[in-house]
Amino acid sequence: MGSRYLNLQPDTMNSASSSSRLASLDALRGFDMLMISGGGAFLFLMGGKTNIGFIDAIAAQFHHPDWDGFTFYDFIFPLFLFMAGVSLSISLKNGVAKGIPQSKLLEKVFKRMLILFFLGILDKNAPVDFFDPAHIRYGTVLGRIGIATFLVAILYLNTGWKTHLVVAFSILGLYYAALMLISVGDYGGGDLSFEGNLVGWIDRSFMPGRLKQTTYDELAMTTQLSATCLTIFGSLAGKVLLDKTTANIKLIRLIGMGAIGIVAGLAWATVFPLNKHLWSSSFILLTAGMACLLVALFYWVMDVLKFTKWAFFFKVIGMNSLVIYMACRFVDFGESSRLLFAGLYGHAPEKWHEVFNALGGLILVWLVLYVMYRHKIFVKV
């Protein structure tokens, strides 16, 4: 049976049989989606169950800070935005190499943006009250990815890597200046509190529909440009992977880029705190640096050393990341896990029930994707 795809992006790398496909990208995308589709919840629920300090410390990394601060869980969505940039650069370069006109490539990315925007609305608002648009939340994860990839596609097809850097750092610099210099109502410039920040004021004043946090929405348009910088940096990492040079040089460049991002992000955080809600400039640089190092690690282990068998679990998820993202919204894997496995874990101490139930849901998620993988069904948008 041949591979079957719903493929609406200019990605000539989507064939599972493509010899040029980087195995590390699917595995890393799968690792990221694992955290989104139940892995993160499972690790969080382990907190306080074992009386082992190391496990409790890991569990504490899987919740978002209320405002300023940073945990590993904050890194999950930025990593996906970064990976979208890596994949986009590979897709577009292959499309150009095949002689596909730039206008056609942009048209496909634009259609992809619209599809992701619609799916994002469905994800965050189901059941959607189409007759009351004022209560629809328009800021979504999928919409953010779609908009970011479209903007970066325009940049990628019309400018070089130096311009990419200038654009990204200009956005981050201007964003910082705006939040520090522009006063909001009774709050002076530089007020980054929950109540007094510029982002929230713009969201309340101009963003249509429902805001997630009522006074602002962390996925609204105000933070879109700073978040898009992650996809710009990802496209630069993708360019490094495509360069006609040795694997060692690619690794050195990726590690160097990652180290610079982390150091710059932490340094900037001394005056512009790490804040996922605001998508602060320091947060963008830190997470871009971390993502770059993870890309380097997975590339080295899987594409250079050819140690690939260990990552099959992640690859199965990464090949159908959109499917499982939407399925986790509309299919109650937790309830299915309870119905199937409660007769087993019900005999364990009660404090472990939620942990085993989350593990059961995670197993069901993976099995659904494994069946699709075995039948070569891959949904790409």
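A salt bridge is a side-chain nitrogen of Lys or Arg within 4 Å of a carboxyl oxygen of Asp or Glu. In this predicted model, Asp123, Lys124 and Arg329 are linked in a network of such bridges.

**Exercise 1. Test a contact against the cut-off.**
Decide whether Asp123 and Lys124 are in or out of salt-bridge range, and state how buried or exposed each residue is.

*Solution.*
- Step 1. Take the closest N and O atoms of Asp123 and Lys124: they are 3.9 Å apart.
- Step 2. Compare with the cut-off, which is within 4 Å. The pair forms a salt bridge.
- Step 3. Asp123 has 6% relative accessibility, so it counts as buried.
- Step 4. Lys124 has 27%, so it counts as partly exposed.
- Step 5. Place the pair in its setting: Arg329 belongs to the network with Asp123 and Lys124. Arg329 also lies over the face of Phe330, at 5.7 Å from the ring centre.

**Exercise 2. Place two bridges along the chain.**
Find where the partners lie in the bridges Glu107–Lys111 and Asp217–Arg137.

*Solution.*
- Step 1. Start with the total: the whole structure has ten salt bridges.
- Step 2. Glu107 and Lys111 have their closest N and O atoms 3.2 Å apart.
- Step 3. Both residues sit in helix α4 (residues 102–125), and they are four residues apart, so about one helical turn separates them.
- Step 4. Glu107 is partly exposed at 33%. Lys111 is partly exposed at 46%.
- Step 5. Turn to Asp217 and Arg137, which meet at 2.8 Å, N to O.
- Step 6. Asp217 is in the loop between α7 (198–206) and α8, while Arg137 is in the loop between α4 and α5 (141–158). They are 80 residues apart, and the pair links distant parts of the chain.
- Step 7. Asp217 is buried, with a relative accessible area of 1%. Arg137 is buried too, at 5%.

**Exercise 3. Classify ring pairs.**
Work out whether Trp201–Phe206 and Phe312–Tyr373 are stacked, tilted or edge-to-face.

*Solution.*
- Step 1. The structure holds 28 aromatic pairs. Trp201 and Phe206 form one with 5.9 Å centre to centre and 80° between the planes.
- Step 2. Planes over 60 degrees apart count as edge-to-face, and Trp201–Phe206 is edge-to-face.
- Step 3. Check accessibility. Trp201 is partly exposed at 36%. Phe206 is exposed at 58%.
- Step 4. The ring centres of Phe312 and Tyr373 are 5.4 Å apart and their planes stand at 85°, so this pair is edge-to-face.
- Step 5. Phe312 is in helix α11 (residues 312–318) and Tyr373 in helix α14 (residues 353–374), so the pair ties together parts 61 residues apart in sequence.
- Step 6. Phe312 is partly exposed at 31%.
- Step 7. Widen the view: ring pairs link Phe312 and Tyr373 into a cluster whose members include Phe31, Phe298, Trp310 and Trp366.
- Step 8. Find a charge over a ring elsewhere. The charged end of Arg144 sits over the ring of Trp279, 5.1 Å from its centre.

**Exercise 4. Describe a pocket.**
State what lines the second largest pocket and which helix supplies the largest share.

*Solution.*
- Step 1. The second largest pocket holds about 420 Å³ of space.
- Step 2. It is lined by 18 residues, and the closest to its centre are Trp161, Leu165, Phe233, Leu236 and Met257.
- Step 3. At least two lining residues come from each of α6 (161–181), α8 (224–242), α9 (247–268) and α10 (281–304).
- Step 4. Helix α9 gives the largest share, five residues.
- Step 5. Sort the lining by type: 13 nonpolar, two polar and three charged.

Conventions
Residues numbered from 1 in each chain as written. Predicted model: local features only at pLDDT ≥ 70, side-chain atom pairs only at ≥ 80, totals over all residues. Heavy atoms only, no water. Phe/Tyr/Trp six-rings, centres within 6.5 Å; stacked < 30°, edge-to-face > 60°. Buried < 20%, exposed > 50% of the residue type's maximum accessible area, 1.4 Å probe, protein only. Lys NZ or Arg CZ within 6 Å of the ring centre and 35° of its normal. 1 Å grid on protein atoms, 1.4 Å probe; cavity = no way out; pocket = protein on both sides within 12 Å on 5 of 7 lines; lining within 4 Å. Points joined across faces, edges and corners; volume = space filled by probe spheres on them. Nonpolar A, V, L, I, M, F, W, Y, C, P; charged D, E, K, R; others polar.
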